[in-house]
Amino acid sequence: MPFYYMNTKSHYIMKHSLYLICCLLYLTMQDIHAQNTFEEYKKKREQDFNNYRNTKQKEFEEYRQKKNAEFAKYLAKKWEAFQAMKGSKPATYPKPVDPVVIPDTPDKQPEVTKIPIKDIIPAKPTPIQKSPVKLPPIQKNTPGQSKSKIIFLGTPCYITMDKQLKFTMDGTSEKEVSKIYEKLSASEYDAFFDDCAQVYQNLKLNGWAAFLFCRAVSEQFLGKGNEATLLQTYLLAQFGYDARLCSHGQKLYMLATTTEDVTRYYYINLNNKHYYLWDLTYQGEQVHTFRENMKDAIRPIDFDNPAEMQLTYDATPLRNITSKAYPGVKATAKVNKNLIEYYSQMPIFAGKPWDIYARQALETPCYRELIPQLQAAIQGKNETDAANMLLNWVQTGFEYKTDNEQFGFEKPFFKEEVIFYPYCDCEDRSILFSYLIKQLLHLDVVLLYYPGHLATAVRFNGNVNGDYILLDNKKYIICDPTYIGAEIGRSMPQYKTSSFDVLKTL
């Protein structure tokens with residue numbers, strides 16, 4: 001190869017190599033410049049957001065302080081006397097001690113009976129009222145040197161509880177309450193309140209959980225007594241709930257309205273509402289309180305969507321549930337122990353409250369574990385076969401025992417509780433079965449309340465033989481999760497001619 005050619009080739013390679021190096025250097029510099037520009041942009045955006053959040057925080061604190069200072073003056077006025085009425089006792093239902101079991105050799109074709117309806121109770125969604133109260137911008141609630149750790153429903157929360165913020169009360173007079181209320185609205189309590197507001201928002205607490213949280217914080221900070229009652233009431237009102245104080249002698253109590261009537265607690269009638277005294281030790285006849293509450297504190301305590309709360313997940317032991325007639329219909333399930341703890345602290349509702357339990361969704365982790373297993377078990381089956389399989393799974397997969405036997409009082413279950421507790425009775429089974437029918441078969445279902453018994457009726461798409469009711473000119477087939485071994489269309493013999501209430505569910 002000629003020297004000239006080799007020299008030219010080398011020169012060409014070197015020339016283009018230098019060119020490529022220069023290009024790479026240029027691109028690298030451009031990339032560094034772009035990265036620096038992006039970092040600068042990111043910092044600016046973060047700074048802008050922090051400035052915006054700080055501005056909103058300042059506006060919120062100024063608004064809160066002004067609002068509370070105005071209300072503190074109102075509290076100093078003389079409170080009115082109101083008659084306290086004793087709360088109703090929890091309902092008791094004469095349920096059978098043992099479930100009814102179908103004979104081993106029933107008729108192959110069930111007798112078709114139209115069962116008379118006594119009354120129709122429409123579905124009643126909870127009117128959850130959004131509060132116009134402003135809350136601080138949501139941030140993470142994290143540990144800090146000046147923060148105290150509290151465990152609320154198994155969930156760690158971090159609240160600023162400086163010792164200098166503690167207070168004591170000199171009696172329960174209007175002026176004393178006004179003085180403390182004004183003290184709490186001062187800027188020294190901003191960090192304490194902001195931390196409480198962050199927990200309330202981050203955990204997505206409903207009204208009753210907010211009630212429990214405010215009580216837990218107040219009692220850990222101040223101990224049990226008038227001071228904690230005042231602080232708990234103050235916090236709930238800051239979150240927009242219609243909570244207020246009342247006095248009886250030298251003791252303060254919290255009053256609050258609810259979306260559902262409850263039993264056992266004393267209450268007063270004020271502004272055409274029931275305000276419950278949230279202390280079961282109260283045994284008086286008269287309390288003193290005020291007519292107007294703090295501006296924007298208008299929400300009643302609600303009990304809805306508990307499964308959506310962001311509590312720390314602590315799984316209960318895994319439970320195996322298998323159908324006796326259809327061994328292939330089996331599932332394992334567990335639930336959040338902290339959600340069960342929340343349910344155990346709920347009040348007992350008055351009247352016929354089963355729609356409250358029926359409309360609540362199953363918690364997401366349990367849903368994702370349980371529903372696919374049952375869906376796979378009924379895959380390819382027609383709706384009547386699938387319904388029979390699900391019905392038997394509920395009938396025979398859970399052991400029966402009445403609430404009085406298990407707890408000593410009436411306690412309807414939320415769906416997670418049916419899975420957690422070792423026993424359940426008729427209303428628990430009916431509520432769970434109605435949920436499965438809706439989720440897996442997408443069929444309409446209603447609850448049937450006989451005297452002392454709860455069952456269901458399902459509106460199938462096809463023609464199904466058996467006992468039924470006519471509702472809105474549509475045929476609903478009786479399905480009884482407590483009539484052990486009975487298929488769809490069979491009523492318990494003692495209820496075959498009984499009239500009953502129909503409870504529609506959402």
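## Helix α9, loops and ring contacts in a predicted model

Helix α9 covers residues 383-397, and its end C-alpha atoms lie 20 Å apart; 15 residues at 1.5 Å a residue should span 21 Å, so the two values agree. The model is predicted. Helix α9 is mostly covered, with 12 of its 15 residues buried. The buried set runs from E383 through A386, A387, N388, M389, L390, L391, N392, W393, V394 and Q395 to G397.

**Overall picture**

The protein has 506 residues, and 50% of them count as buried. Its secondary structure comprises 12 helices and 20 strands. Among contacts with a separation of 6 or more, 72% join residues 24 or more positions apart. The exposed surface comes to about 25300 Å². Carbon and sulfur atoms supply 51% of that surface.

**Two other helices**

S178 belongs to helix α2, residues 174-184. Its relative accessible area is 8%, so S178 counts as buried. What does S178 touch beyond its neighbours within four places in sequence? The contacts of S178 are A72, K73, L75 and A76.

E341 sits in helix α6, residues 337-344. With a relative accessible area of 37%, E341 is partly exposed. E341 also has a distant partner in sequence: L153 is 188 residues away along the chain, yet the two C-alpha atoms are 6.6 Å apart.

**The loop between β7 and β8**

Strand β7 spans 251-256 and strand β8 spans 267-270; R264 lies in the loop between them. V262 is in the loop between β7 and β8 as well. Is V262 buried or exposed? V262 is buried, because its relative accessibility is 3%. R264 is partly exposed, at 46% relative accessibility.

V262 has contacts well beyond its own loop neighbours. Leaving aside residues within four places in sequence, V262 is in contact with S88, Y276, W278, F303, P347, I348, F349 and A350. The C-alpha atom of V262 is also 7.8 Å from that of G87, a residue 175 places away along the chain.

The backbone is the point of interest at R264. Most residues other than glycine have a negative phi. R264 is not a glycine, yet its phi is positive, at about 80°.

N272 repeats the theme in another loop. Its place is between β8 and β9, the latter spanning 273-277. Phi of N272 is near 60°, again a positive value in a residue other than glycine. N272 is exposed, with a relative accessible area of 82%.

**Accessibility of selected residues**

| Residue | Relative accessible area | Class |
|---|---|---|
| S178 | 8% | buried |
| V262 | 3% | buried |
| R264 | 46% | partly exposed |
| N272 | 82% | exposed |
| E341 | 37% | partly exposed |

**Aromatic rings**

How many aromatic pairs does a search of the whole structure find? The search finds 34. Ring pairs join one cluster made of W208, F211, Y265, Y267, Y276, W278, F303, Y342, Y343, F349, Y357 and F414. Some members of that cluster have already appeared: Y276, W278, F303 and F349 are among the contacts of V262.

Two lysines sit over tyrosine rings. The charged end of K401 lies over Y423, 4.1 Å from the centre of the ring. K475 is over the face of Y468, with 4.7 Å to the ring centre.

**Cysteines without partners**

A disulfide is a covalent bond between the sulfur atoms of two cysteines. The structure holds 0 disulfides. C196 is in none; its nearest cysteine sulfur, in C214, is 6.8 Å away. The cut-off for a disulfide is 2.5 Å between the sulfur atoms. Why is C424 not bonded to C426? The sulfur of C426 is the closest cysteine sulfur to that of C424, but at 9.7 Å it is too far for a bond.

Both cysteines are covered by the protein. C196 is buried, at 0% relative accessible area. C424 is buried too, at 1%.

Conventions. Residues numbered from 1 in each chain as written. Predicted model: local features only at pLDDT ≥ 70, side-chain atom pairs only at ≥ 80, totals over all residues. Heavy atoms only, no water. Buried < 20%, exposed > 50% of the residue type's maximum accessible area, 1.4 Å probe, protein only. Phe/Tyr/Trp six-rings, centres within 6.5 Å; stacked < 30°, edge-to-face > 60°. Lys NZ or Arg CZ within 6 Å of the ring centre and 35° of its normal. Helix = DSSP H or I, 4+ residues; strand = E, 2+ residues; numbered from the N terminus. Contact = heavy atoms within 4.5 Å. Areas by Shrake-Rupley, 256 points an atom, 1.4 Å probe, with all protein chains shown as cover. Expected span 1.5 Å × (residues − 1).
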